[in-house]
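Below are some questions about how the terms used for a structure are justified. Each answer sets a value against a definition.

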Amino acid sequence: MSGFKASDIHVRLGEKTVLDGVSLAFAPGQVTTIVGPNGAGKSTLLTVLAGLRVPDRGQVTLEGADITSLTPSARAQCIGYLPQLPEVAWPIDVRTLVGLGRIPFSGARGLSAADDAAVDRALKAGGIESMADRNVLTLSGGERGRVLLARVLAGEPKWLLADEPLTGLDPGYQLEATSLFRKMAAEGCGVVVTLHDLHMALRMSDRVVVLAAGRILADGAPSAALSPEILAQAYGVDARVWDGEAGPVIEIVGRRS
Amino acid sequence: MKMPSRAVLLTGLSITIVVLAALSLSAGRVWIPLSAWFNDADDPQWIILFDLRLPRTILGVAVGMALGISGAALQGYARNPLADPGVLGVSSMAALGAVMTLYLGTAMTLPWVLPVAAMVGAIIGIALLLLLSGGASSILSFILAGMILNTLSSAGVALALNLSPSPWAVSEIINWLMGSLADRSVDDVRLALPFIAAGCAVLLTTGRALDALTLGDAGARSLGINLQRTRLLLAVGVGLAAGASVAVTGVIGFVGLITPHIMRPLVGARPGALLVPSALAGAAIVLAADILVRITPAGTELKLGVAMAALGAPFFLMLLISLRRKTV
């Protein structure tokens, strides 16, 4: 029973059904992108997968064990979660913030030499070594996004769950981040991200899941899951997919009348 | 500004406390040289040193530590630099317990009743705080529960003043509420010290959780932090430390509020790293303020709570000016 599995997940928030019987199994070494219109349930699904929200019905299992049976530390050592709107409350330096990613591993005495080495690797992987001493609150939104991603990387997770990790990044850093996800998957990490950028989803994913109104509308290879028919159903738009120089391109033609 | 190393800072703060403690033993209306330690036990200087100044100094250190670490922990938890032990209402519940004994007059006949009632008030405050904030882990419910306790205890104190049986009781209540370390005995030390030590020890265990809370509730939970457990530890730790402090000294404000502000430029803003330095700095601030109130020439000795409030206002004015300069 290896891998990461969500079975028949139902979540209601007030009167609204946010997730309605979602079942997904993730394999290590793959980049899975979850897309869907606003309010489709993407972020809620990620919080359920991360063990931060208990579904009204259904179960999430990690390596065969119910995620709710794991201790918070054991869960945090396996799963790195990057929220959609990450908060940074205090003016701490970048290195200290990235070091927070080692909390599941560190004891009361603080970071060990092994933790420091993991922080160094995360700073390097995130390409933010040069800003290690800078105050996080003085960084631009995009720079802060890279630092917060590096914070998750510092935990060297087996499963990375990132909610809109490309938001606020310029095109160059978006490409850097997507190659980082690909590299992590190549090293055996299971990467699950939510995106609004369909073009990036098409280019970087092994698998795309389209969510709409809390249900799975499509699940499969990117070109199949992001077909014009599925996009019309999910978003109510007319789209066409064509082959560009750097790969397939999704062009949104207009809103379907 | 370059930050000093942690070891240098902690050593510096410890030396400051030792120097201030030595001054605190000597300073006052009567200057007692430290050589009086070796006088006979019936020598008046020896009696002042051991029966008055030593308990006062020990309590100054302990209460300062309790208020400093409580302020740092609560600011870290609330992710707000304006939080302090008063926010949770535990201090005011302790004050209400003490005020009731003054109102009923039992504090006069049985002096030990006042601090015990204050401790009971603090314990009831913690229980109510946890009950009112319920199972929700949000900061808002925690702070709201604290506001309810603060309002409730303020109303209780006002009622006691309103229905006070004599002007003497009113004067006693007001005097006590102003906070002071004067005339405290070894019994007060024995009563408060174990609770303050236990409270500080509990708060020291929250460092990792407070660090993780820098990333918000979701960020902290994703790092394996149990927020409900953290909240319980905070309520118990602050309740014991600040409650025991109020029990023996009355209400001394601003220490919990300003100490973390003073330490942040020296140790950085990571909440877990602020706990120990804030405890030491709190001890130094209370000792220094208590020495000042003793040597200030006045007909009646100034109350420590009054002195701290008088120092607190200009401190926040400076903070406001510095914030304005940064934003202009």
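Q: What makes strand 7 (residues 159-163) of chain A largely enclosed by the rest of the structure?
A: Five of its five residues are buried, so strand 7 of chain A is largely enclosed by the rest of the structure. A residue is buried if 20 or more other C-beta atoms lie within 10 Å of its own, exposed if 12 or fewer, and partly exposed in between, with C-beta atoms placed from the backbone. Helices (H or I, at least four residues) and strands (E, at least two) are DSSP runs, numbered from the N terminus.

Q: What kind of model is this, and how are residues and chains labelled?
A: This is a predicted model, in which local features need pLDDT of at least 70 and side-chain atom pairs count only at pLDDT 80 or more, while totals for chains, interfaces and linings use all residues. Residues are numbered from 1 along each chain as its sequence is written, and chains are lettered from A and ligands numbered from 1 in the order in which they are written.

Q: How do you know that both faces of strand 7 of chain A are covered?
A: On one side Trp159(A), Leu161(A) and Asp163(A) are buried, and on the other Leu160(A) and Ala162(A) are buried.

Q: Which strands does strand 7 of chain A pair with, and how do you know?
A: Two strands pair if DSSP finds at least two bridges between them. Strand 6 (residues 79-82) of chain A shares four bridges with strand 7 of chain A, in the parallel sense; here Ile79(A) has Trp159(A) as its bridge partner. Strand 8 (residues 190-194) of chain A shares five bridges with strand 7, also parallel, and Leu161(A) is partnered by Val192(A).

Q: Why is Asp238(A) called partly exposed?
A: Asp238(A) has 15 other C-beta atoms within 10 Å. That count lies between the limits for exposed and buried, so Asp238(A) is partly exposed. Asp238(A) lies in strand 11 (residues 237-244) of chain A.

Q: Which residues does Asp238(A) touch, not counting residues up to four places away in sequence?
A: They are Ala232(A), Val253(A), Gly254(A) and Arg256(A). Contact means that the C-beta atoms, placed from the backbone, lie within 7 Å.

Q: How many residues does each chain give to the contact between chain A and chain B?
A: Chain A gives 20 residues and chain B gives 19 residues. On the side of chain A that touches chain B, helix 2 (residues 72-78) of chain A supplies the largest share, four residues.

Key: Contact = placed C-beta atoms within 7 Å.
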